[in-house]
Amino acid sequence: MKPYILFMISLLTSTAIAQNFETGSYLVSGGRIIKMDLVKRRNESFKVSILTTGGEKVYAFYPLKNNEGSYASKEDNLVLTKMKGVLVLLELDPKGAIENKFVVGLSRKDIKKGRKTLGIKSDFFNEFINNSNKKESRYLPEFYVKNPTSKFHQENVGRIVFFSEKPTVGQEDLSKIKTDFKVGDNIWAVAYLPLSLRSGYLYKLSNYSQDIYGNMNYWACVGIDKFEKDMLPKENEIVNQTTVKTLYEKDLDKNYIIFQLLTDRLENSEVDSDGVEFLMKRINERMGSYKHKLRIALTNGRMDSDKEYFHGYINFDASEGTEIYKEMSSNMAQKILDAKPLPIAVREDVELEAEMLQQVRIWARNKNWSNVDFRKAIITLDWQVIKDDYGNIEGKYIEGNILYKSNEGCGYRNFGFIRKYLGSSKYDKNLRQYTTGPVGALSCDKIE
């Protein structure tokens with residue numbers, strides 16, 4: 001066979017191996033990793049032997065769904081993949097952020113070329129970057145998504161992307177992507193995550209509570225800040241946290257969150273109702289009638305802004321028309337009030353309810369609450385015997401929600417009442433106000 005034909009065959013074989021992972025021995029750019037041997041198996045997975053300065057360890061790497069040419073181990077969170085056409089070995093943290101990135105190649109020339117392509121100047125530089133990455137407050141992580149919904153997802157993992165219409169993740173209409181909005185626009189967004197919420201971000205990117213039945217409830221929340229260099233952080237803040245979406249069980253296994261940020265009118269709103277009311281009010285109060293650059297970040301409300309990794313920026317023209325947000329906030333607040341039912345009575349007793357109301361009116365007079373008109377008592381907790389810390393009976397205890405009207409609005413307040421124990425199985429016939437509890441708002445139309 002002629003020499004140039006042999007040369008061409010050798011070149012084609014080398015190129016094929018360099019572009020994809022195949023059976024062979026590879027050099028690795030990491031200072032502590034000496035080499036890596038791959039054996040491709042019949043099921044398209046790899047047996048991988050990684051030799052480090054600390055010894056050798058053998059892994060099984062399996063193909064990743066929706067990520068052709070990429071493989072992941074089921075232990076130690078390692079990934080073999082390509083970045084900018086360069087073969088790499090990634091070490092991921094539990095949340096999908098890249099902790100270490102090693103170039104993989106057949107020769108030192110491949111390693112050098114790969115480093116240049118990925119902007120890695122030396123082994124020392126690589127280690128310095130990796131160590132800096134562990135200080136969360138000083139860097140924006142680079143993420144790797146193992147199961148992307150699309151190439152667009154891969155390219156935007158770790159970001160929030162904004163749309164003029166509600167998108168379909170995996171089939172995004174790129175013509176609907178926008179960064180410039182104005183008052184009255186619909187603003188939709190997708191946060192592209194490396195892992196599902198359930199896998200790593202449930203408590204970092206959501207607010208949550210447990211109901212009386214032990215069920216957990218979750219909400220996706222965002223913080224919004226003006227991006228103005230001459231302003232103090234608190235001056236830039238529009239909202240530290242506002243709820244944009246209730247998260248259901250089906251949402252927790254997705255590695256993305258679709259949410260609406262702003263709507264043109266309430267009928268088109270898919271934002272959580274409490275979130276709409278609060279955010280619209282804050283925009284009207286804090287936005288300022290001019291053009292802004294806004295930073296929107298997923299948050300649990302307890303993170304510093306430099307740890308709110310999943311964020312995006314939009315330009316928002318608030319030069320005129322922000323009063324529509326005040327109107328929508330007011331209308332939503334009234335809608336929420338109208339939807340709230342009266343407290344449910346556990347029993348009805350006209351005489352007892354009258355005693356409760358009398359005691360609360362005495363309490364209000366002593367507190368100088370002359371502007372609060374307590375109108376009706378609803379019994380919400382039936383009689384219970386309560387004891388002190390030593391087991392001695394203090395009395396019979398009962399609770400009620402007392403409906404009120406005031407200059408500031410209407411609602412109810414919870415009160416506890418007691419009939420003191422007199423001994424010999426006898427209790428005081430007089431009811432006394434004993435505790436105070438939470439307040440709830442109600443529509444004034446519901447209060448007689």
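In the predicted model, tryptophan 363 has a relative accessible area of 12% and is therefore classed as buried, the cut-off for that class being under 20%. Its aromatic partner, tryptophan 369, counts as partly exposed, because its relative accessibility is 31%. The two rings form an edge-to-face pair, with 5.0 Å from centre to centre and 80° between the planes. Both tryptophans belong to a cluster, linked by ring pairs, that also includes Phe374, Tyr404 and Phe415.

In total, the count of aromatic pairs comes to twelve. One of them joins phenylalanine 143 and phenylalanine 310 in a stacked arrangement, in which the ring centres are 5.0 Å apart and the planes enclose an angle of 25°. This pair links distant parts of the chain, since phenylalanine 143 is in the loop between α3 (123–133) and α4 (151–156), phenylalanine 310 is in the loop between β16 (291–298) and β17 (311–317), and 167 residues separate them. Both phenylalanine 143 and phenylalanine 310 are buried.

Lysine 396 is placed against two aromatic rings: its charged end sits over the ring of tryptophan 383, at 5.2 Å from the centre, and lysine 396 also lies over the face of tyrosine 427, where the distance to the ring centre is 5.1 Å.

With regard to the fold, the protein chain contains ten helices and 22 strands. Eight of the strands, β1 to β8 in consecutive order, close into a barrel with antiparallel pairing, and the twist from one strand to the next averages 30°. Within this barrel, β7 (residues 86–92) and β8 (residues 98–105) pair in the antiparallel sense over five bridges, and glutamate 91 has asparagine 100, in β8, as its bridge partner. Helix α2 (residues 108–118) lies across β1 (24–28), β6 (78–83), β7 and β8, and runs at about 140° to β8.

Towards the other end of the numbering, strand β22 (residues 432–442) contains alanine 441, which is partly exposed because its relative accessible area is 35%. Apart from neighbours within four places in sequence, alanine 441 is in contact with Leu337, Lys340, Cys410 and Gly411; of these, lysine 340 is 101 residues away in sequence, while the C-alpha to C-alpha distance is 8.3 Å.

Over the whole protein chain, 43% of the 448 residues are buried, and the exposed area is about 24,900 Å², of which carbon and sulfur atoms supply 49%. Among contacts with a separation of 6 or more, 56% are between residues 24 or more positions apart.

Note on methods. Residues numbered from 1 in each chain as written. Predicted model: local features only at pLDDT ≥ 70, side-chain atom pairs only at ≥ 80, totals over all residues. Heavy atoms only, no water. Pairing = 2+ DSSP bridges. Helix = DSSP H or I, 4+ residues; strand = E, 2+ residues; numbered from the N terminus. Axes fitted to C-alpha atoms, helices over the stretch in contact; angles between N-to-C directions. Contact = heavy atoms within 4.5 Å. Buried < 20%, exposed > 50% of the residue type's maximum accessible area, 1.4 Å probe, protein only. Areas by Shrake-Rupley, 256 points an atom, 1.4 Å probe, with all protein chains shown as cover. Phe/Tyr/Trp six-rings, centres within 6.5 Å; stacked < 30°, edge-to-face > 60°. Lys NZ or Arg CZ within 6 Å of the ring centre and 35° of its normal.
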